[in-house]
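Dear colleague,

Here is the structure I said I would pass on. My notes follow below it.

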Amino acid sequence: MLVLDRPVQFYDGQSATLQAGKLSLIENEIQLKARSAPYQPISLSDVKIVSAPGAEALRLCLRDEPEFQILITDEIMLSALQARAKEIGRRGLLSEEKRSDLIRWSAVFIAIVAVGWAFLTVLPGFIANLIPQKTWENLGASYRETLFSNEELCESNEGNKALEAMLTRLVPTDEIRSQLKVVVADTEMVNAFALPGKHLVILNGLLQSSDSPDEVAAVLAHEIGHSELSHTEHGFIRSQGISLLINIISGGSTVGDLAGMGVLMSYSRSAEREADAYSHQMMLNANIDPRALATFFEKLQKKEEASGLEWLNDAFSYLSTHPDLSERIASTPEIADDTVFTPALTETEWQALKDICKASGKGTKEKRPH
Amino acid sequence: MVQITNSAELRSVNAENSTLEFVKPSGLLGLSFKNFFLTILTLGIYSFWARVNVRRYIWSGIHIDGEPLQYTGTGGELFKGFLVVTLLIFIPISLVLTVVSVVFGPASAAYFITLAMVGPLMLFIIGLAIYRSVRYRLSRTVWRGVRGGLSGSAKTYAIKDILFWLLQIPTLGLITPKASVSLTSYIGNTAEFGDQKFSFNASSKPLYKRFALAWLFAIVPFAVLYGQLGLIAYQNGFDEEAISLALENDPSQLLSVLGLIPFAIFVGGIFFILYRVKLLRTLTEGFSYQGVTAKAEGIKFWNFVWLLIGNMMIVSFSFGILAPYAVRRGAKYLCRHIQLQGKIDASAIAQNTRARDTSGEGLATSFDIDAF
């Protein structure tokens, strides 16, 4: 391909003055000639188009120096360039931007996503183990304080004794039991949860809606399972990681407010299954009927099926953090009919535990008049 | 792709004044859909390239004295800037906050102190980002083979920005017009095109009538509301129970005030748009380059409202796909309503030397925060 000395105009990248010159196309190179200065031949792969589609002149610029621009209106040169572009193919010639750029940055992006994925799956357990137990305890304590003030915690002599009795049944080993910090909080919500550092919170709503101490024991054992299996700590790190990622994606304008919520919401299904199995085993070891967990779930499910605002309230408590009830009820171990279990508490103890909030002068919270 | 027309006819050029016009390039619909689908397919990573596509299109439509602008930035540069900012600023800040909240607890004094320090730091970074993005874009804007630049310091701008933010509190927001003019003035007086400087000269005084009206309609209803609440509280001896009882028995004493709020927002909103129109006009007319100034009397309330409403409808009805059309409407609007006074002498302009040494690398040139 050879087109010689066609008239063009150009900006030399040094001034805003439009200059006249002559352009030749020799194979894959263009050669600009002008009176003002000599120019080296330029490979077609080093130029790109900067004019808009439909513009009066085809405007080529150097990739490295976009201010150096050649304006071509000469028809012979235009058709020669077009033919050359077709011959070589669009890639690398006259294209707007090098495709390799997009590919390279896509690779960087995929690497970032991969690191983020590791952050959420593999790293939480690893990081959680690096943090000393004392830090977890402080963290759990401060979360508990954020959620419930000391005034909202229920205490009574008889109630505390009953709670201790239940814990002793479930966790006979003193060393393990002494690490657990269990409190009852005066809230109508039907729930119990574990916080980092082996802090456990039973909500009064759970005590009130349980028909037997075994149901409370089963739920408590489930939460102890989360605690002993470090689900809470892993979940915390994971939720911190998620809020970090959200911050990065959203541009970092908001600080991870969701992190606190994440502590309560971030158990995976497999973690729930593990905690269920833990509860069943713990109950069997303590000779308490492990089916109480399922009984409690069934009751919740019935409530879920009932209509009205009650349902909404429950949806935001136990069910939302513990999905797939039917499957979990089905996972209850088979128990021979003639098995004899001992209730988790005596009738007197159970009554004392149920009344723990009433005894500490709180009872069910009064609703504020509006 | 290589679309070439051969009409070499020159646009008629006004001998006295330079011209500014928007000549619609073709291909915006295809560009919009390409941007939309590639952005989705690449989980958002293409958005940087998409933004460049839109800018390239818009810039190439803006003709000064018959010569189009070119946008020479690349998606890679924007993405690199995004990564650098993320790695050097946002991740460290988030990590510090996370570590402090884990070690000291989310309700601890240490966490709140850290948060309180991060706030001004973010304001400073936003100030830096605004100035740097203007600098970056000017250095990627080419007209007649010459690019622009900014000669000032981003730190100076960011500090001015923080000071105006701090003044917002004691002035109850009344500093806003002054802040807008003063911050634009710093950009305007440090802006360059080629080797020649822009200058900027405008006063915020004429803006205050409209801003004060908008401000009054925003403030007064709430002042009355709180005054009324205070009065009721006083009448009931500041007793919580008695106050809520009094409001329950006679809600009308608050409802009459509450009813005024939508009305006040509507009227205040109109005054605010009137203020924005005047602000746009004032800022535009404040610039001069080679003694050439701009007249923007065509920017009026109704055509500005129509621009806003039209753009909102375009973006929302197309689920954002046609957002580039809204950008184009904005560019067309400005080109139609801004008249240049005086003639640009292109033969006197040489290349800008400043931007060259900072081109395309890292945080300094690539920190780019706006949508387009």
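Aromatic pairs come to 23 over all chains of this predicted model. In one of them, the ring centres of A:Phe10 and A:Tyr39 are 5.7 Å apart and the planes stand at 85°, so the pair is edge-to-face. A:Phe10 belongs to strand S1 (residues 2-12) of chain A, while A:Tyr39 sits in the loop between strand S3 (29-33) and strand S4 (42-43) of chain A; the pair thus links distant parts of the chain, 29 residues apart. A:Phe10 has 0% relative accessibility and therefore counts as buried.

In chain B, the rings of B:Tyr131 and B:Tyr186 form a tilted pair, with 5.5 Å from centre to centre and 40° between the planes. This pair also links distant parts of its chain: B:Tyr131 is in helix H4 (residues 109-139) of chain B and B:Tyr186 in helix H6 (residues 176-190) of chain B, 55 residues apart. Both tyrosines, B:Tyr131 and B:Tyr186, are buried. Elsewhere, B:Phe198, B:Phe200, B:Phe287 and B:Tyr289 are linked into a cluster by ring pairs.

Two arginines of chain B are placed over tryptophan rings. The charged end of B:Arg144 sits over the ring of B:Trp143, 5.7 Å from the ring centre. B:Arg329 lies over the face of B:Trp306, with 5.8 Å to the ring centre.

Next, the salt bridges. The count is 14 over all chains. One of them crosses between chains: B:Arg147, in strand S5 (residues 146-150) of chain B, is paired with A:Glu67, in the loop between S6 and S7 of chain A. The N to O distance between the side chains of B:Arg147 and A:Glu67 is 3.0 Å, and both residues are buried.

Within chain A, the side chains of A:Lys181 and A:Glu137 meet in a salt bridge at 3.9 Å, N to O. A:Lys181 is in strand S9 of chain A and A:Glu137 in helix H4 (residues 133-147) of chain A, so this salt bridge ties together parts that are 44 residues apart in sequence. A:Lys181 counts as partly exposed because its relative accessibility is 24%; A:Glu137, at 21%, counts as partly exposed too. Together with A:Lys134, these two residues are linked in a network of salt bridges.

A:Asp289 and A:Arg291 form another salt bridge, with 3.0 Å between the closest N and O atoms. A:Asp289 counts as buried at 18% relative accessibility, whereas A:Arg291 is partly exposed at 32%.

A:Arg63 is a case without such a partner. This residue lies in the loop between strand S6 (58-62) and strand S7 (68-72) of chain A. Which side chain of opposite charge is nearest to buried A:Arg63, and how far away is it? The nearest is A:Asp46 at 5.7 Å, and A:Arg63 has no salt bridge. A polar atom of the A:Arg63 side chain does lie 3.0 Å from the backbone oxygen of A:Ser45.

Two sheets of chain A remain. One is an open sheet of seven strands in the order S4-S3-S2-S1-S7-S6-S5, with antiparallel pairing. S4 and strand S5 (47-49) are its edge strands, each pairing on one side only. S1(A) and strand S2 (residues 19-26) of chain A run antiparallel and are joined by seven bridges; A:Val3 stands opposite A:Leu25 in S2(A).

The other is an open sheet of four strands with mixed pairing, in the order S8-S9-S11-S10. Its edges are strand S8 (153-154) and strand S10 (192-195) of chain A. S8(A) runs antiparallel to strand S9 (residues 181-185) of chain A, with two bridges between them, and A:Cys154 has A:Val184 in S9(A) as its bridge partner. S9(A) and S11(A) pair in the parallel sense over five bridges; here A:Val184 is partnered by A:Ile202 in S11(A). S10(A) and S11(A) run antiparallel over four bridges, with A:Phe193 opposite A:Val201 in S11(A). These two strands, S10(A) and S11(A), form a hairpin with three residues between them, and A:Gly197 in the turn has a positive phi of about 75°.

Strand S11 (residues 199-203) of chain A has five of its five residues buried, so the strand is largely enclosed by the rest of the structure. A:His199, A:Val201 and A:Leu203 point one way from S11(A), and A:Leu200 and A:Ile202 point the other way.

Regards

Technical notes
Residues are numbered from 1 along each chain as its sequence is written. Chains are lettered from A and ligands numbered from 1 in the order in which they are written. This is a predicted model: local features need pLDDT of at least 70, side-chain atom pairs count only at pLDDT 80 or more; totals for chains, interfaces and linings use all residues. Side-chain values use heavy atoms; hydrogens and water are left out. Buried means under 20% relative accessible area, exposed over 50%, partly exposed in between (1.4 Å probe, protein chains only). Lys and Arg count as positive and Asp and Glu as negative; His and the chain ends are not counted. A salt bridge is a side-chain nitrogen of Lys or Arg within 4 Å of a carboxyl oxygen of Asp or Glu. A polar contact is a pair of N or O atoms within 3.5 Å; within protein, one must be able to donate a hydrogen and the other to accept it, and residues adjacent in sequence count only if both atoms are side-chain atoms. Two strands pair if DSSP finds at least two bridges between them. Rings of Phe, Tyr and Trp (its six-membered ring) pair if their centres lie within 6.5 Å; planes under 30 degrees apart count as stacked, over 60 as edge-to-face and the rest as tilted. A charge sits over a ring if NZ of Lys or CZ of Arg is within 6 Å of the ring centre and within 35 degrees of the ring normal.
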